[in-house]
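Please walk through the model below with attention to backbone geometry, strand pairing and charged side chains. The text follows these topics in that order.

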Amino acid sequence: MEITEKVAYLKGLAEGMELNTEKKEGKLLTAIIDVLEDIALELCDIEDAQEELGDGLDAVSDDLEDVEDLLYGEDDDADDDEYELDDLGEDEDCYATTCPTCEETFYFDESVLEDGEVICPNCGEKLEFDLDSLDEDGAEDGEE
């Protein structure tokens, strides 16, 4: 029996006893039963809200698990963790580098290359690129 049912039972008992609500004892008992009824209704609202929050938390947890699977891949094979170049669009340039500190290969787009630096997502090492030397090497290759 739930608490609201128990309070309804008490209310029915009080009505069946035909309490005299004009006397002090009758007023007190009916007031107590009314307060119990209010508390029971509030508890039901809290339980409903808690259930709703739990359902929402489960949905967020499922979504987070999907995102983690996309970002980190399955742990079955280490090669699955690497970003696939085939996933990029046709018109996007992609560059790869290996961090000298952690020796992890990671990929980035042209906007990062234009900035001249990138932070290794694995260890946080700051890697700098000198685009001027790349332009000079390209010019020397073309002159030969």
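In this predicted model, strands β1 and β2 form a hairpin with six residues between the strands, and E103 in that hairpin takes a positive phi near 60°. E103 is a residue other than glycine, and its place is in the loop between β1 and β2. With a relative accessible area of 64%, E103 is exposed, because the cut-off for that class is over 50%.

The two strands of the hairpin run antiparallel, and five bridges join β1 to β2. One pairing can be named: T98 has T105 in β2 as its bridge partner. T97 belongs to β1, which spans residues 94-98. Is T97 buried or exposed? Its relative accessible area is 18%, and since buried means under 20%, T97 counts as buried. Leaving aside residues up to four places away in sequence, T97 touches E104, T105, F106, F108 and L127. Of these contacts, T105, F106 and F108 are also named in the description of strand β2, residues 105-109.

How do the side chains along β2 alternate? In a regular strand the side chains alternate between the two faces of the sheet. In β2, F106 and F108 point to one face and are buried. T105, Y107 and D109 point to the other face and are not buried. T105 thus appears in three roles: as the bridge partner of T98, as a contact of T97, and as a side chain on the face of β2 that is not buried.

A second positive phi is found in another loop. E18 has a phi of about 50° although it is not a glycine. E18 lies in the loop between α1 and α2. At 69% relative accessibility, E18 counts as exposed, because that value is over 50%.

The two helices on either side of that loop also supply a charged pair. Side chains of opposite charge can pair when their charged atoms come close. The structure holds three salt bridges. In one of them, E37 pairs with K11, and the closest N and O atoms are 3.0 Å apart. This pair links distant parts of the chain: E37 sits in helix α2 (residues 24-72) and K11 in helix α1 (residues 3-16), 26 residues apart. How accessible are the two partners? E37 is partly exposed, with a relative accessible area of 29%, and K11 is partly exposed at 28%. Both values fall between the cut-offs of 20% and 50%, so neither residue is classed as buried or exposed.

K126 takes part in two further salt bridges, one with E117 and one with E128. The N to O distance is 3.2 Å for K126 and E117, and 3.9 Å for E128 and K126. The second value still counts because the limit is 4 Å. Which residues make up the resulting network? E117, K126 and E128 are linked in a network of salt bridges. Accessibility varies within this group: E117 is partly exposed at 35%, K126 is partly exposed at 43%, and E128 is exposed at 61%. E128 is placed in the exposed class because its value is over 50%.

Technical notes: Residues numbered from 1 in each chain as written. Predicted model: local features only at pLDDT ≥ 70, side-chain atom pairs only at ≥ 80, totals over all residues. Heavy atoms only, no water. Salt bridge = Lys/Arg side-chain N within 4 Å of Asp/Glu carboxyl O. Helix = DSSP H or I, 4+ residues; strand = E, 2+ residues; numbered from the N terminus. Buried < 20%, exposed > 50% of the residue type's maximum accessible area, 1.4 Å probe, protein only. Contact = heavy atoms within 4.5 Å. Pairing = 2+ DSSP bridges.
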